[in-house]
Amino acid sequence: TAGSIRRGKLVFALVKVPQTNVVTPDDVIEQYLLLVNSHDGTGALHLRFTPVRCICANTLSAALGGRDLSSVGYAKHQITIRHTGNVEGRVREARTALGLAQRYFQVAGEAYKALSAKAIGALELNTFANSFLPLPVVDAASPESAVRERERTVRAHQGFAHLFEHGLGTELPGVSGTAWGAFNAGVEYIERVRTAKQDGSFRSGSAECND
């Protein structure tokens, strides 16, 4: 895929690589190289490795906002492309990028498989839910708005827990009842539930919209 956002100030191109990460025999993660360049002076040319298929502004933001595995001692998932003036320099850049991509996807695949092998209980599931849906603390002195916010968050936790049990992919071995299942439930909640209206259609700006 390829596209531009902000009226052409930012352009991107996505290349699917032949290899995949097989988390379980029935759960396969595609691998992509994402090239991003800005034309407004705000950034350099970057190459990022991502499992996110970019088709619009929201999915591009998801790919650019992913956590860098190098922050926990693993492989980098982004490099800056220098504008070299000779062919040898460009070849070195390409080799470096492909080598880092191979290492990144290897590390990511190992992480996915480790999640699928880890069973989690109610306490761990609740801790994970609080990491991306923090539950507000209220008391008798809290304003009504804070109480309503807590009630909304409680319902969100319940929705997430339902997806953990019955969401997309829970019928697959290695997904149901595992940390990988919790991760997938969180993604499904953020992308498909939180962004949806009561009639099931997506809100403006959700992951399904185009830019």
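**Rings, cores and a one-sided helix**

Let's start with the aromatic rings: this structure has 6 aromatic pairs. Take Trp180 and Phe183, whose ring centres sit 5.6 Å apart with planes at 15 degrees, so this pair counts as stacked; the cut-off for stacking is planes under 30 degrees apart. Keep in mind that you're looking at a predicted model.

Where do Trp180 and Phe183 sit along the chain? Both belong to helix H5 (residues 179-193), and being 3 residues apart there, they are separated by about one helical turn. How much of each one is accessible? Trp180 is buried, with a relative accessible area of 2%, while Phe183 comes in at 38% and counts as partly exposed. Tyr112 joins in too: ring pairs link Tyr112, Trp180 and Phe183 into a cluster.

Now follow Trp180 inward. The largest nonpolar core has 15 residues, and those touching the most other members are Leu33, Phe49, Phe105, Tyr112 and Trp180. At least two residues of this core come from each of E2, E3, E4 and helix H2 (87-116). H2 gives the largest share, 6 residues. Apart from this core lies another one, made of 12 residues, including Leu133, Phe164, Ala179 and Tyr189.

Finally, have a look at helix H1 (residues 57-64). Which of its residues are buried? They're Ala57, Thr59, Leu60 and Ala63. These residues span an arc of only 165 degrees around the axis, which means they lie on the same side of H1. And what covers them? The cover includes strand E1 (2-5), strand E2 (10-24), strand E3 (27-38) and strand E4 (45-50).

Technical notes: Residues are numbered from 1 along each chain as its sequence is written. This is a predicted model: local features need pLDDT of at least 70, side-chain atom pairs count only at pLDDT 80 or more; totals for chains, interfaces and linings use all residues. Side-chain values use heavy atoms; hydrogens and water are left out. Buried means under 20% relative accessible area, exposed over 50%, partly exposed in between (1.4 Å probe, protein chains only). Helices (H or I, at least four residues) and strands (E, at least two) are DSSP runs, numbered from the N terminus. The arc is that of the directions from the helix axis to the C-beta atoms. Contact means heavy atoms within 4.5 Å. A nonpolar core is a set of buried Ala, Val, Leu, Ile, Met, Phe, Trp, Tyr and Cys residues joined through side-chain atoms within 4.5 Å. Rings of Phe, Tyr and Trp (its six-membered ring) pair if their centres lie within 6.5 Å; planes under 30 degrees apart count as stacked, over 60 as edge-to-face and the rest as tilted.
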